[in-house]
Amino acid sequence: MIQQVDREILDHMIDPKNYGSMEDPDAIGIGENPQNGEKVIVYLKVDDAGEAPRIASIRFQAIGCMTTVVAGSIITEEARELAFPQAEEMISVALGMLENVPPEEAACSEMVALALQAAMDTWHARRENPEIPALVYKIENTCVTKEETAKENG
Amino acid sequence: MKRLLQKTHEAWLATQMAAFMARNTESKRWLNEAAMILWRHFTWIEHEMVVRGIEYDYDRETIPIKVERLSVMIADLNRRYGEIELLLGASEDAALKERIAHDLEYLRFAAGRLPDETVRAFSMERRYKDLDLGKEATDALTLFLFEESYKEYELILIYNYLRAHNDDTFLDRIFGILIDESFFHLRSFGEMMAEMGILGVPRVVHESLYKVESLERFLLDGIDEEIAAKEQCRELSQAVAAESEELAKFFDFINNQENYHIALMKEAVEHYRAEGR
């Protein structure tokens, strides 16, 4: 959950980067919160000409809150043009950083990172089987705060 | 037809955004009316697609609105209206085509006569009128406006899609009321965003949200969301009360309006169950 709105966050709120669907993507990946059905869908165009596949173009859509949209805007902007190994490293660093963040604040970013990972894994899997559907990875963090859980449980 | 629907959707939203950014009272009134005319075109085109069995969604392009002068936005609106005119050939409804063509011709004429003005809706000042709300309350208000302006746009599209595919008069009445209510909330929040210099176009709504698998589930989840929105309004009202009685009263007013939405949605669930669907 966004606690403070600075200029950079505001820019992403007003104009989320890479937001929207993509025509004929090479791969789609989905990050999902099994507790409330929120999800992030990442679409990739992949450049396979080099040594490692590279993200040529990336878009995302979010069924979730503004924090998820901001996280999607930041992470997809970072991932643009990266080779898959670099993108995976970025995801690993991001997920590592989230370990020190309260779960309800980490959930949105985790959902975006997992959607990106799922999209890259879908791309790999489709090379073996082009019919394979988009992979869906579920998050471990929850965006429901302890206070909200306590309230719901009476 | 799909492109005609999409471009009409974009023109409606762009015109609504122009209405938010206009400060001249007459320009604002005219642009709001123009947006509602385009919204009606959108629903009529959609109806023809439903009748003809044409599959569609509410996907659209990004709509750039960050301008320094209203005349730049008006020029873009006129380009959009012209584009729709060129796409009208896809419709098989002669009366509808004629109606839309005449409307667009007038919209282009009248939009071109609106006085120019400097746009302040993107100043990023985050100041509502002359109030000094403090950082915490300003951040909370900013987040609320972004979340809820999107939510109202989403609800307009969801209820509109459900309405377009519904033949039950009881539900049609409820969906109609909820669409009208969301329009009022969207306009209220959009005006506040423009006043604070943080106007943004709501993001594209994902297809899975309006092509609902279970109407009952959607309504029950919607009731929970309305209850959460009430709580947000209550918190926001408290946060701004010390600085602004006007804003606090406004959020109490929105909070109380949600009660009726919840009651209508409960009625819809009961009716849906009673019909044995």
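**Exercise 1.** State how confident the prediction is for chain B and where in chain B confidence is lowest and highest.

*Solution.* Chain B of this predicted model has an average pLDDT (the predictor's confidence in each residue, from 0 to 100) of 94, and 100% of its residues score at least 70. Within chain B, the lowest mean, 90, belongs to helix 8 (residues 215-241), and the highest, 98, to helix 1 (residues 2-21). Helices here are DSSP runs of H or I with at least four residues, and strands are runs of E with at least two, numbered from the N terminus. The model as a whole scores ipTM 0.84 and pTM 0.90.

**Exercise 2.** Check the span of helix 1 of chain B and determine how enclosed the helix is.

*Solution.* The expected span is 1.5 Å times one less than the number of residues. For the 20 residues of helix 1 of chain B this gives 28 Å, which agrees with the 29 Å between its end C-alpha atoms. Of these 20 residues, 18 are buried (under 20% relative accessible area, 1.4 Å probe, protein chains only), so helix 1 of chain B is largely enclosed by the rest of the structure.

**Exercise 3.** Describe the contact between chain A and chain B.

*Solution.* With contact meaning heavy atoms within 4.5 Å, 21 residues of chain A and 17 residues of chain B take part. The salt-bridge rule (Lys or Arg side-chain nitrogen within 4 Å of an Asp or Glu carboxyl oxygen) finds 0 across this interface. On the side of chain A that touches chain B, helix 1 (7-14), strand 2 (39-47), strand 3 (54-63) and helix 2 (66-79) each supply at least two residues. Helix 1 of chain A gives the most, with 5 residues.

**Conventions.** Residues are numbered from 1 along each chain as its sequence is written, and chains are lettered from A and ligands numbered from 1 in the order written. Local features need pLDDT of at least 70, side-chain atom pairs count only at pLDDT 80 or more, totals for chains, interfaces and linings use all residues, and side-chain values use heavy atoms, with hydrogens and water left out.

Technical notes: Buried means under 20% relative accessible area, exposed over 50%, partly exposed in between (1.4 Å probe, protein chains only).
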